[in-house]
Amino acid sequence: NTGHDGSISTVHANNPRDGLARIENMVLMAGMDLPARAIREQIASAINIFVQEQRLQDGSRKLTHVTEVSGMEGDTITLQDIFLFKLDHIDEAGKVHGEMLPTGIRPAFAERFAMAGIELPAQLCNPNREWYADVDPRRYCRRHLCLLAGHVGNRHNLTPSRGRATACRHARRPASPALSW
């Protein structure tokens with residue numbers, strides 16, 4: 001922890017829980033004689049969110065998890081999934097089709113966003129698919145809701161951008177000043 005917000009890093013893991021275990025193992029490999037609980041508390045306080053990307057059966061890479069680190073319960077770091085990839089089908093050509101869907105859990109970091117002047121729509125975490133119709137796409141560009149929700153190439157007029165981040169056709173339109181990061 002460097003004492004300021006805003007860091008980003010990568011870890012190679014199969015899922016967010018495995019990512020936590022790998023981070024803990026890296027700390028243990030440093031040779032410091034720290035208790036496991038102290039290591040886990042530092043990890044839980046330093047990491048806010050995991051965004052998991054996986055290579056699927058067809059070789060494509062898709063976001064599969066947006067998971068929040070919600071704290072500690074006993075000696076265990078608690079995680080809560082906010083969005084998960086739901087496989088719809090695999091077509092005749094072997095291409096994977098699916099979408100990121102909200103789990104229905106509103107993230108705790110929504111309060112921190114609100115303090116920074118960024119309002120997340122109440123429908124964002126609604127697992128009901130009709131919420132897309134209620135969101136005005138002109139207010140959000142790829143630097144805002146699109147990346148957070150992980151709607152890669154699905155609804156909200158998004159298209160894949162060379163397999164990396166999300167390109168939103170509305171990015172050329174001015175976003176709401178309250179949402180500028």
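This passage looks at how two helices pack in a predicted model and at the salt bridges around them.

Helix α1, spanning residues 16-29, packs against helix α2, residues 36-46, at an angle of about 125°, and their axes lie 10 Å apart. The two helices are therefore oblique to each other, and their crossing is right-handed. On the α1 side, the contact is made by Leu20, Ile23, Glu24, Val27 and Leu28, which meet Ala36, Ile39, Arg40 and Ile43 of α2. Of these residues, 7 are nonpolar and 2 are charged, with no polar ones.

Both Glu24 and Arg40 take part in this contact, and their side chains also form a salt bridge, with an N to O distance of 3.1 Å. This pair joins distant parts of the chain, since Glu24 belongs to helix α1 and Arg40 to helix α2, 16 residues apart. Glu24 is buried, at 13% relative accessible area, whereas Arg40 is partly exposed at 23%.

Across the whole structure, 4 salt bridges are found. Helix α2 offers a further example in Arg37 and Glu41, whose side chains meet at 3.0 Å, N to O. These two residues are 4 apart in the helix, so about one helical turn separates them. Arg37 also forms a salt bridge with Asp75, where the closest N and O atoms are again 3.0 Å apart. Here the partners are 38 residues apart, as Asp75 sits in the loop between β2 (61-73) and β3 (76-90). Together, Arg37, Glu41 and Asp75 make up a network of salt bridges. Each member is partly exposed: Arg37 at 36% relative accessible area, Glu41 at 36% and Asp75 at 45%.

Technical notes:
Residues are numbered from 1 along each chain as its sequence is written. This is a predicted model: local features need pLDDT of at least 70, side-chain atom pairs count only at pLDDT 80 or more; totals for chains, interfaces and linings use all residues. Side-chain values use heavy atoms; hydrogens and water are left out. Axes are lines fitted to C-alpha atoms, for helices over the stretch in contact, and angles run from 0 to 180 degrees between N-to-C directions. Angles under 35 degrees count as roughly parallel, over 145 as roughly antiparallel, 65 to 115 as roughly perpendicular and the rest as oblique. A crossing is left-handed if the near helix is turned anticlockwise from the far one by less than a right angle, and right-handed if clockwise. Contact means heavy atoms within 4.5 Å. Ala, Val, Leu, Ile, Met, Phe, Trp, Tyr, Cys and Pro count as nonpolar, Asp, Glu, Lys and Arg as charged, and the others, Gly among them, as polar. Buried means under 20% relative accessible area, exposed over 50%, partly exposed in between (1.4 Å probe, protein chains only).
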